[in-house]
Structures are given as C-alpha cells and as structure tokens.
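The following note sets out points for a colleague who is reading this model. Please keep the sequence and the structure at hand while going through them.

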Amino acid sequence: MKADGFTLLASLFYVGALSFFALANKKTTAANAIFLQYTAPIYILIFAPFILKEKFRWSDLLTVAICLIGMSLFFINSEPNNNLTSESQFIGNILALCSGVSLGGYILLLRHPKALDQNPASSVFYGNIFACLCMLPFVVPNPSPWATNDFVAVIILGVFQIGLAYFLFTYGVTHGVRSLDASIIGFLEPLLNPIWVFLLLGEKPSSWAILGGTIIISAIIFHTIKSNRSRFSRHSV
C-alpha cells in the first residue's frame, strides 16, 4: 500500500484516536471516555471551513457552544468513583478529549480532496501498525506473563471490536445505507457503551457525565439530521 506523507499524517491521527481512548479507559470511567471521544464532530465543525473550505453556519456555532457546555459537565464534582481518584478521572477525561480531537482530525483528512486519490484502507493499515508500536512500551516492561483472558481480550478487540466492526460499517455504507442513517446508528455505541460496562462490570457513571453525554449526543444528532434535511431540500429544488 502507498504510504506518502498525507497517508502517514492520517495514520498518526488514527493512532491518536485509538491510543488516547485506550489510555483514557484506564484512567476514567468508560462513559466519560466514549462520550468525550464522540466530541469529534465538534472539531470537524470548527476546522472544516479552514481545511475543507466548507461554509460555517450559525447552526454550527450553536451546536459547538451546546457541546462545549456538555463537555464542561464531565469536569464537575470529580469525586472518587468506581475506585478511580479525582486526579485519575481528570487525566482520563483529558486523554479522552485528545482522542476526540484525533478522531475529528482523522475524519477531516479522509474528507480532504487529497484523500480521493488514496486508498482509505492505507491509513487504517499503517495506523494499526503504528498503534501497536506505540503501545509496546506499556507491554514489554511488564514482567508478568499474559493470562488466557489477556489473549482472549486482544483477539476479541482486534477481530470483532475493530476489524469486523469496520468491515460491516464500511460494507453497509457502500451498499445503500444512507450517510444520515449510518451516522445516527454510529451513535448507538456511546449510548450503549456505559450500559454494557455497568451490566458486566458494575461501573456507574456520574450523573454529571450522563447529563453531559446526553447533551453532546443530542446536539450532534439534531445537527446531523438538520444538515442532511437542508442538503436534501437544496438538491430537490
């Protein structure tokens, strides 16, 4: 696969999205990590006019402002929760925000005109290689041998959570699923993530995190629906 400077740059943003998110999950709650990662559309709205030359609308500004309010709620009353200290949760929240910035940057680069001449799988291919290299310092110094559960977790995450998930999502989009439907279905992940973690691990997110996540997801879904309706109306005229 071709690996020019543009592809490598996209790969680095991909690495950031994965790596920061993995580290955030060790420092803060799963709800905080996933909700803050899904702030990626905010950064797309902010930087798209500069990078992609897209028109910035007042509705974009309103969406960004509402999401920033939702983001601020994650840092209110960060008392020890789920065996996590307030300091740990604060660091984890920052890492999760970095993951969101990286994911937003990665999506922006995928939509860049230069990406039209590239194989989109290239950045994912090299990104996963770079991600493995970045995570080696956290694995090699650990003297304890891997248990069976460790291997099972790696296989499940690699095959199903990343590999099969990306394949099914890409297959659906390229075989007739509307971009609006795909976007909204994608938001099932941050909504269901805290539920699965609570049912399996008993980890309970704070009330502020639930409220902040609800505000962010609702604002982005509303903006997505409104933008697609406006685009459809223009094309139908």
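In which helix is Ser102 found? The points below begin with that residue and then turn to the fold, the cores and the aromatic pairs.

1. Ser102 belongs to helix H5. The model is a predicted one, and in it Ser102 has a relative accessible area of 8%. Because the cut-off for a buried residue is under 20%, Ser102 counts as buried. Apart from neighbours within four places in sequence, Ser102 is in contact with Phe13, Gly16, Ala17 and Phe20.

2. As to the overall fold, the protein chain comprises 10 helices and 0 strands. Of its 237 residues, 36% are classed as buried. Among contacts in the protein chain with a separation of 6 or more, 83% join residues 24 or more positions apart.

3. The exposed surface of the protein chain amounts to about 14400 Å², and 72% of that area is supplied by carbon and sulfur atoms.

4. The largest nonpolar core contains 24 residues. Those with the most contacts inside this core are Phe35, Leu36, Cys67, Met71, Phe74 and Ile216. At least two core residues come from each of helix H1 (5–27), H2, helix H3 (40–51), H4, H5 and helix H10 (207–236). Met71 shows how such contacts are distributed: leaving out residues up to four places away in sequence, Met71 touches Leu36, Thr39, Ile42, Tyr43, Leu97 and Ile216.

5. A second core, separate from the largest one, has 7 residues, including Tyr14, Tyr106, Leu109 and Ile162. As general background, nonpolar side chains in soluble globular proteins tend to be buried together.

6. How many aromatic pairs does a search of the whole structure find? The search returns 4. In one of them, the ring centres of Phe35 and Phe74 are 6.3 Å apart and the planes stand at 55°, so this pair is tilted. Phe35 lies in helix H2 (residues 30–37), whereas Phe74 lies in the loop between helix H4 (58–72) and helix H5 (86–110); the pair therefore ties together parts that are 39 residues apart in sequence. Phe35 and Phe74 are both buried.

7. Another aromatic pair, Phe125 with Tyr126, is edge-to-face, with 5.1 Å from centre to centre and 80° between the planes. Are these two residues buried or partly exposed? Phe125 is partly exposed, at a relative accessible area of 41%, while Tyr126 is buried, at 17%.

Note on methods. Residues numbered from 1 in each chain as written. Predicted model: local features only at pLDDT ≥ 70, side-chain atom pairs only at ≥ 80, totals over all residues. Heavy atoms only, no water. Phe/Tyr/Trp six-rings, centres within 6.5 Å; stacked < 30°, edge-to-face > 60°. Helix = DSSP H or I, 4+ residues; strand = E, 2+ residues; numbered from the N terminus. Buried < 20%, exposed > 50% of the residue type's maximum accessible area, 1.4 Å probe, protein only. Contact = heavy atoms within 4.5 Å. Core = buried A, V, L, I, M, F, W, Y, C linked by side-chain atoms within 4.5 Å. Areas by Shrake-Rupley, 256 points an atom, 1.4 Å probe, with all protein chains shown as cover.
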